[in-house]
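Let's take a friendly walk through this model, starting with its cysteines and moving on to its ligands, its pocket and its backbone.

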Amino acid sequence: MNKQVKTYHIVTFGCQMNERDSETLAGMLEDAGYIGAEDKTSADVVVFNTCSIRDNADKRFFGVLGQWKKRKLSRPDMTVVVCGCMMQQAHIVDAIHRKYSWVDLILGTHNIHRFPELLSDAQSRSGHLSEIWDDAGAVVEELPACRKYPFKAYVNIMYGCNNFCTYCIVPYTRGRERSRRPEDILLEIREIAAQGAKEVTLLGQNVNSYGKSPQGSEGYRTDDVPGGPDFAGLIRMIDEIPGVERIRFMTSHPKDISDDLIRAYAECKHLCPHIHLPVQSGSDAVLTKMNRKYDRTRYLSIVASLRESCPDIAVTTDLIVGFPGESEEDFQDTLDLVETVRFDSAFTFLYSPRKGTPAYSSAEQVPNDVKHDRFDRLIEVIHRIQGEKSRLYQGTTVQVLAEGPSRTDAGRFTGRTESSKVVDFSGTPDVVGRIVPVRITDAGTFSLTGELVR
Ligand code: SAH
Ligand code: SF4
Ligand code: F3S
């Protein structure tokens, strides 16, 4: 390889927001003449885009960062950058200053558009540079992006979160809600669709409050724009864009779901029959302590309406066990809700206390062994139901967007159904990036197996 060309490597932790931000960071690096490193250890710029959602995310980052110390010390010309949600917390930045002073640049989530300038400043001085903004400014448009896939794309529609669920760090690391203007979103989607993107996933911590930020907030507000679309309206507009075959979104907060969004499942041709609707707990007492602002009755009625509008809809969720004050009875309510809804799949988390959030200092912390015991019992029920629902696919033919070769088997490919089930199937390399019919021959708990229908 030409040694004159500078290379980069980005390590991304956390959610789709971070994955999307990493695409922006990569785009800015490529604009500055860098190319992706084939061998990460020889990269000229290494970026760690961090997540702080649970304690194990913090620990994983520090573990990985520690492994780079030797490389950095043997190659002082390498630039090490850390950014993302962890950096929006003063105690983390302090720890980097103290224990990882060989890091060259620290930036936060609100100033990633300043990355090119900060990088070149950091490279032209000795000692490290740190710039963190406490608050987000206005939404910055037209940043470059180097997208991971040509055929499916993440598109931010809003940033930040105003919900302050009492366990969650995100409102502190991502700031207040700001929605992008519909015209900017539609322009971006038209462009990527013209370049071959078939699937778009709209991103926001709470997409249902798109355009609903409080008065005076930065960003697009439906109240200020007569006739401007809310979230369901935006989906209806995207549904008309030529080339867009699948629309997905993440994440949807139950308290803000609208009847119009529920109707959109029946009416929009390209809205995938899947909703990720985090419930967190099945106990009303715990939901109140979490500040979720809905109860189990409301949640169950939303699921019923969704299934009425779209009978085949797959419903997936997030659940936390061991939230402070959760009793065995509360936990039984969660098990009962899981049996009632019958989720297609669920992410389950052990409650992890986050410094700076209200639940962190609660005196009612649940002992670790109790948390683990409940966690095990919960995933047993979730996996049983997931397996039962998965087996309904046996013998059916599904439409799969093929994403690439299977990791385990040459001649096999992996992709997702409209309902977001993972399918591993036999095919030929030309399927990649296309939506193809696949007959399901075997249905396991976590994935489906099938063969391409010619
Ligand atoms: N904005 C999304 C969630 C983003 S975080 C929403 O509200 O739906 C993804 C998931 O991580 C949450 O749904 C929650 O289940 C889990 N989570 C967040 N903070 C947590 C914590 N402190 N401990 C354990 N799980 C947590
Ligand atoms: Fe966190 Fe709640 Fe906001 Fe989701 S809605 S990001 S769980 S505070
Ligand atoms: Fe993690 Fe930040 Fe996402 S804390 S889950 S990367 S918004």
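## Cysteines, ligands and a pocket between domains

The count of disulfides in this predicted model comes to zero. Cys83 illustrates this: the nearest cysteine sulfur belongs to Cys85 and is 9.5 Å away, and a disulfide needs the two sulfur atoms within 2.5 Å. Cys83 is also buried, at a relative accessible area of 1%. Cys161 is buried too, with a relative accessible area of 9%.

Several cysteines turn up again beside the ligands. Around ligand 2 we find Cys161, Cys165 and Cys168, and the shell also takes in Asn163, Phe164, Tyr167, Val170, Pro171, Gln205, His253 and Arg292. Sorted by class, the shell of ligand 2 holds seven nonpolar residues, three polar ones and one charged one. Ligand 3 has Cys15, Cys51 and Cys85 around it, together with Asn18, Ser52, Ile53, Arg174 and Gln205. Its shell divides into four nonpolar, three polar and one charged residues. Gln205 appears in both shells, beside ligand 2 and beside ligand 3.

Now to the domains. The domain assignment splits the protein into domain 1 (7-131), domain 2 (152-391) and domain 3 (394-452). Between the C-alpha centres of domain 1 and domain 3 there are 35 Å.

Where does the second largest pocket lie with respect to domain 1 and domain 2? Both domains give residues to its lining, so the pocket lies between them. Its space amounts to about 840 Å³. The lining has 36 residues, and the closest to the pocket centre are Arg20, Glu141, Glu142, Leu143 and Glu188. By class, the lining consists of 16 nonpolar, eight polar and twelve charged residues. Helix 1 (16-31), strand 7 (152-156) and helix 7 (182-194) each bring at least two residues to this lining. Helix 7 makes the largest contribution, with five residues.

Glu142, one of the residues closest to the pocket centre, deserves a second look. This glutamate sits in the loop between strand 6 (129-131) and strand 7, and its phi is near 60 degrees, a positive value in a residue other than glycine. Most residues other than glycine have a negative phi, and most peptide bonds are trans. Is Glu142 buried or exposed? Glu142 is exposed, because its relative accessible area of 78% is over the 50% cut-off.

Ser420 also has a positive phi, about 80 degrees, although it is not a glycine. The loop between strand 16 (412-416) and strand 17 (422-426) holds Ser420. With a relative accessible area of 19%, Ser420 counts as buried, because the limit is under 20%.

Here are the accessibility values side by side:

| Residue | Relative accessible area | Class |
|---|---|---|
| Cys83 | 1% | buried |
| Tyr265 | 6% | buried |
| Cys161 | 9% | buried |
| Ser420 | 19% | buried |
| Glu142 | 78% | exposed |

Tyr265, listed above, belongs to helix 9 (residues 259-267). Its C-alpha atom is separated by 28 Å from that of Arg147, and the two residues are 118 residues apart along the chain.

One more backbone feature is worth a stop. The peptide bond from Met250 to Thr251 is cis, with omega near -10 degrees. Thr251 is part of the loop between strand 11 (246-250) and helix 9.

Conventions
Residues numbered from 1 in each chain as written. Chains lettered and ligands numbered in written order. Predicted model: local features only at pLDDT ≥ 70, side-chain atom pairs only at ≥ 80, totals over all residues. Heavy atoms only, no water. 1 Å grid on protein atoms, 1.4 Å probe; cavity = no way out; pocket = protein on both sides within 12 Å on 5 of 7 lines; lining within 4 Å. Points joined across faces, edges and corners; volume = space filled by probe spheres on them. Helix = DSSP H or I, 4+ residues; strand = E, 2+ residues; numbered from the N terminus. Nonpolar A, V, L, I, M, F, W, Y, C, P; charged D, E, K, R; others polar. Domains from an automatic or database assignment. Near = heavy atom within 4 Å. Buried < 20%, exposed > 50% of the residue type's maximum accessible area, 1.4 Å probe, protein only.
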